[in-house]
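Open the model in your viewer and keep the selection tool at hand. This tour goes from one selection to the next and says what is there.

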Amino acid sequence: MQSDLPKVLHLIAGKPMISHVLAALEPLRPERSVVVISPGQDAVMAAVAPATIAVQHEARGTGDAASAALDALSGFAGTVLVAFGADPMITTGTLRRMAEARDRIDPPDVVVLGFQTDDAGRYGRLVQDAEGRLERIIEVSEAHTIDRPVRLYNAGVMAIDGAKLAGLLGGLDTGNAKGEYYLTDIVAIARAQGGHVAVVEAPQIETLGVDSRGDLARGEALMQQRLRTAVMESGVTMVAPETVFLSYDTVIGRDSILHPNITIGPKVTIGERVVIKSFCHLEDATVADGAIIGPYARLRPGAEIGEGAHVGNFVEIKAASIGAGAKANHLSYIGDASVGPGANIGAGTITCNHDGISKHRTEIGAGAFIGSNTALVAPISIGAGAIVGAGSTVTQSVEADALVVVRGVAKLVPNGATRFRSKRPRDNKKG
């Protein structure tokens with residue numbers, strides 16, 4: 001990855017890859033969740049809490065990594081699912097099918113996840129018998145030894161009999177080209193001990209392992225496609241889905257419409273019949289039913305947009321609530337504020353929320369009208385129904401239904417422009 005960040009913490013749809021994997025496992029209600037990390041990966045430890053942590057002190061292969069979890073699995077005799085923290089596309093449904101494959105009268109000791117592909121590339125081959133049971137996994141370097149057609153390839157994910165796990169791992173050795181303990185070797189070990197191994201098939205999309213920035217981009221594209229499909233199937237219109245980017249936790253109500261080129265970050269909830277116009281950016285924000293956002297609007301953390309409210313072009317909302325039916329349609333910054341229902345914020349209005357040391361709040365009452373190009377210097381309160389004249393810089397609170405205008409005195413000099421020009425040399429350059 002060429003990164004200071006541990007691979008599994010790189011984000012897909014706003015969420016660390018390893019968190020996607022743990023989220024897929026969560027509906028199965030595992031008795032124990034164990035995450036194997038390398039020494040010093042405190043950031044990974046924090047990200048996966050409250051999972052139990054096991055440390056693989058030396059990078060000696062996937063089998064060694066699984067062995068590092070044995071102490072945390074002591075006394076467990078159920079099914080152990082082994083997944084990879086950089087495989088973010090795996091789904092709960094596939095993991096459930098793997099666990100259920102062991103819930104039989106004659107359960108397999110090991111279940112391996114396989115997939116079909118037109119580009120075998122670097123994938124290990126699953127060699128099966130006539131009944132579909134897995135005989136062995138052959139790595140790419142030894143693919144020439146296979147004596148029959150191969151249909152499925154190794155995704156790496158396994159479901160293993162917990163009562164036999166320690167014995168299977170204990171049989172691993174480093175007699176291979178890399179000198180590592182390969183988890184895949186437990187297939188042959190299980191068969192040698194009289195057990196059998198089954199295969200569950202999954203779509204190739206679920207088997208993506210991220211090992212590079214290119215893989216990360218592919219993972220993002222695949223996850224976005226999955227998220228967009230789910231949103232549209234729930235009753236949301238996307239005019240150009242491929243241009244809309246969602247987060248793992250985005251919630252959008254039915255009959256809402258998303259126009260092209262929208263980015264939605266984490267912690268965003270959008271109600272029903274909402275219209276989000278082009279080139280908007282939302283993160284950690286709530287939009288109530290029937291609101292209209294954009295185009296070119298930005299909702300920053302803490303933005304709460306009320307029912308039927310309008311937030312227009314080049315308007316930024318941060319840590320502020322916009323009441324039901326209120327409008328801020330043009331070129332405004334509303335930060336650390338509350339705007340009452342039905343209030344109207346004129347173009348160019350800003351809440352001056354920071355004095356260089358601390359932030360302060362602005363309260364704007366219901367039905368108030370703030371004229372264009374107004375600066376409201378917080379802390380300040382504009383009462384319900386009050387009117388602030390355009391171009392005002394207001395530093396004191398205004399009572400309800402009052403009218404306030406704060407402007408400099410205009411000075412008009414007849415023929416002043418003519419006299420001004422006469423005193424300056426003419427510039428004949430054309431711009």
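**Strand S24 and its partners**

Start by selecting Ile305 and Ile322: Ile322, in S24, is the bridge partner of Ile305. The model you are looking at is predicted.

Now widen the selection to strand S22, residues 303–305, which runs parallel to S24 and is joined to S24 by two bridges.

Next, add strand S21, residues 298–299. S21 pairs with S24, residues 316–322, in the parallel sense, over two bridges. To see one such position, pick Leu299, which stands opposite Ile317 in S24.

Then select strand S26, residues 333–339. S24 and S26 pair in the parallel sense too, over six bridges. Pick Lys318 and look across to S26, where Gly335 stands opposite.

**Helix H1**

Clear the selection and choose residues 17–25, which form helix H1. Why is H1 largely enclosed by the rest of the structure? Seven of its nine residues are buried, so the rest of the structure encloses most of the helix. Colour the buried ones to follow this: Met17, Ile18, Ser19, His20, Val21, Ala24 and Leu25.

**The second largest pocket**

Stay with H1 and show the second largest pocket, which holds about 270 Å³ of space. Its lining has 13 residues, and Leu22, Ala23, Glu26, Val48 and Pro50 lie nearest its centre. Two elements give two or more residues to this lining: H1 and helix H2, residues 42–48. Which element gives the most to the lining? H1 does, with four residues.

Last, colour the lining by class: nine residues are nonpolar, two are polar and two are charged.

Notes:
Residues are numbered from 1 along each chain as its sequence is written. This is a predicted model: local features need pLDDT of at least 70, side-chain atom pairs count only at pLDDT 80 or more; totals for chains, interfaces and linings use all residues. Side-chain values use heavy atoms; hydrogens and water are left out. Buried means under 20% relative accessible area, exposed over 50%, partly exposed in between (1.4 Å probe, protein chains only). Two strands pair if DSSP finds at least two bridges between them. On a 1 Å grid over the protein atoms alone, a cavity is a set of points where a 1.4 Å probe fits but cannot get out, and a pocket is an open set with protein on both sides within 12 Å along at least five of seven lines; lining residues have an atom within 4 Å of a point. Grid points are joined across faces, edges and corners, and a volume is the space filled by probe spheres set on the points. Ala, Val, Leu, Ile, Met, Phe, Trp, Tyr, Cys and Pro count as nonpolar, Asp, Glu, Lys and Arg as charged, and the others, Gly among them, as polar.
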